[in-house]
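Please work through the exercises below with the sequence and the model at hand. Each task is followed by a solution in steps.

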Amino acid sequence: MLLPLLILMAVGLCYGVLQGKFGSAVVVAAMVSSRSLLPRQAVILAAVGMGLGAYVLGSAVAATIAAEVIVPGGISLYGVTAGIAAAVVWNMIGLYFELPVSISQALVGGLIGAAWVESGPQSLLGPGLVKLVLGLFVSPAIGVIAGYLTVKVAYALTAAATPHMNRWLQRAQIAISFVMAMAIGSNDSQKLMGALVIGLVAGGVFTTTDVPLTIVLFGVSTTMIGSLINGWSLIRKLGTKFYKIRPIHGFGAQAASSATILSASAFGLPVSASQVVTSAILGAGSADRLQMIRWGVVSGILWGWLLTIPTAAVFGAVLAPLLKGF
């Protein structure tokens with residue numbers, strides 16, 4: 001049993017690093033694009049904020065993943081490993097094609113596919129799935145609306161301001177970016193912790209789905225490592241290809257993203273940080289005019305989102321029996 005457990009933790013390490021890489025990109029993109037911070041400074045700020053958020057802002061999301069999605073005994077240690085591995089594989093594909101696919105959605109899809117092939121649809125808990133759907137699919141719409149409204153309000157409050165106001169907005173964006181990094185840490189890192197707990201319970205290491213400190217520290221460490229690696233191509237896509245992000249857009253998008261993700265974390269709703277932030281950036285830009293957004297780039301990203309859960313579910317369903325046989 002030792003080798004399967006080591007493989008689970010190794011796959012979890014890969015997932016955590018990738019998750020940190022994606023999370024760091026969405027925190028850093030708007031700051032770099034609006035010239036609030038230099039790229040290296042922004043990456044360090046993101047890493048510290050995400051690690052701190054994962055550690056201090058509770059474990060409600062981890063509890064949702066660990067106890068409310070799959071019935072106890074509905075997935076084996078191999079199935080959990082396959083689910084996490086499916087998310088890693090799909091996100092490596094996303095990185096290759098420079099698509100900001102949701103690693104959170106991929107994890108959910110991978111676990112569902114593995115549990116389904118091992119124990120059938122009765123292994124899935126309806127209320128937990130509803131919670132997942134609400135968190136993952138409603139939050140982007142909220143991000144668009146919140147980004148739009150935040151920039152509109154900011155324009156109204158600064159209507160009589162001089163161009164010097166941009167400097168103040170850049171400073172405010174640094175502060176709100178740190179809050180957003182903490183928010184992402186409180187949600188994204190928690191999903192990995194929850195999945196690892198399911199696997200370790202299935203492997204007989206833990207007897208309950210409570211998240212111990214060792215797993216919290218593992219999640220924090222892998223997230224921070226991934227944050228420091230970061231993905232510059234993804235940062236460029238988020239920061240420059242939708243439209244030219246000015247300080248007011250960056251501040252509005254990140255304030256809206258922070259509020260959305262923190263609210264979801266407080267209620268234990270798993271959300272995709274990349275989806276929320278991307279949506280908020282679009283909402284912030286549409287507050288100026290819809291024509292300034294490059295909708296061709298947006299449609300490519302939407303396809304990546306739509307394909308993520310079913311593709312990862314198939315990967316999880318294929319990998320689970322393969323790992324068990326191995």
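The exercises concern a predicted model and treat its nonpolar cores, a surface patch and two single residues.

**Exercise 1.** Determine how many residues the largest nonpolar core has and which helices supply at least two of them.

*Solution.* The largest nonpolar core has 45 residues, and Tyr15, Ile75 and Ile84 are those with the most contacts inside it. At least two residues each come from α1 (2-33), α3 (60-67), α4 (77-96), α5 (103-119), α6 (126-157), α7 (165-202), α8 (213-229) and α12 (295-325). Separate from this core is a second one of 29 residues, including Ala42, Ala264, Val271 and Ile281.

**Exercise 2.** Identify the residues that Ile84 touches, leaving out residues up to four places away in sequence.

*Solution.* With those neighbours not counted, Ile84 touches Leu8, Val11, Gly12, Tyr15, Leu107, Ala195 and Leu196. One of these partners, Tyr15, is also named among the residues with the most contacts inside the largest core.

**Exercise 3.** Locate the nonpolar surface patch and find which helix gives the largest share.

*Solution.* The patch is formed by Leu52, Tyr55, Val56, Leu57, Val179, Leu213, Leu217 and Leu262, together with about 650 Å² of accessible area. Two or more residues come from each of α2 (39-56) and α8. The largest share, 3 residues, is that of α2.

**Exercise 4.** Classify Val56 and Ser257 as buried, partly exposed or exposed.

*Solution.* Val56 lies in helix α2. Its relative accessible area is 44%, so Val56 is partly exposed. Ser257 lies in helix α10 (residues 247-266). Buried means under 20% relative accessible area; Ser257 has 0% and is therefore buried. Beyond four places in sequence, Ser257 touches Met180, Val276, Val277 and Ala280.

Definitions and conventions:
Residues are numbered from 1 along each chain as its sequence is written. This is a predicted model: local features need pLDDT of at least 70, side-chain atom pairs count only at pLDDT 80 or more; totals for chains, interfaces and linings use all residues. Side-chain values use heavy atoms; hydrogens and water are left out. A nonpolar core is a set of buried Ala, Val, Leu, Ile, Met, Phe, Trp, Tyr and Cys residues joined through side-chain atoms within 4.5 Å. Buried means under 20% relative accessible area, exposed over 50%, partly exposed in between (1.4 Å probe, protein chains only). Helices (H or I, at least four residues) and strands (E, at least two) are DSSP runs, numbered from the N terminus. Contact means heavy atoms within 4.5 Å. Patches are made of residues with over 30% relative accessible area and no salt bridge: like charges are joined within 9 Å, nonpolar side chains (Val, Leu, Ile, Met, Phe, Trp, Tyr) within 5 Å. Accessible areas come from the Shrake-Rupley method with a 1.4 Å probe; for residues, only the protein chains shown count as cover. A salt bridge is a side-chain nitrogen of Lys or Arg within 4 Å of a carboxyl oxygen of Asp or Glu.
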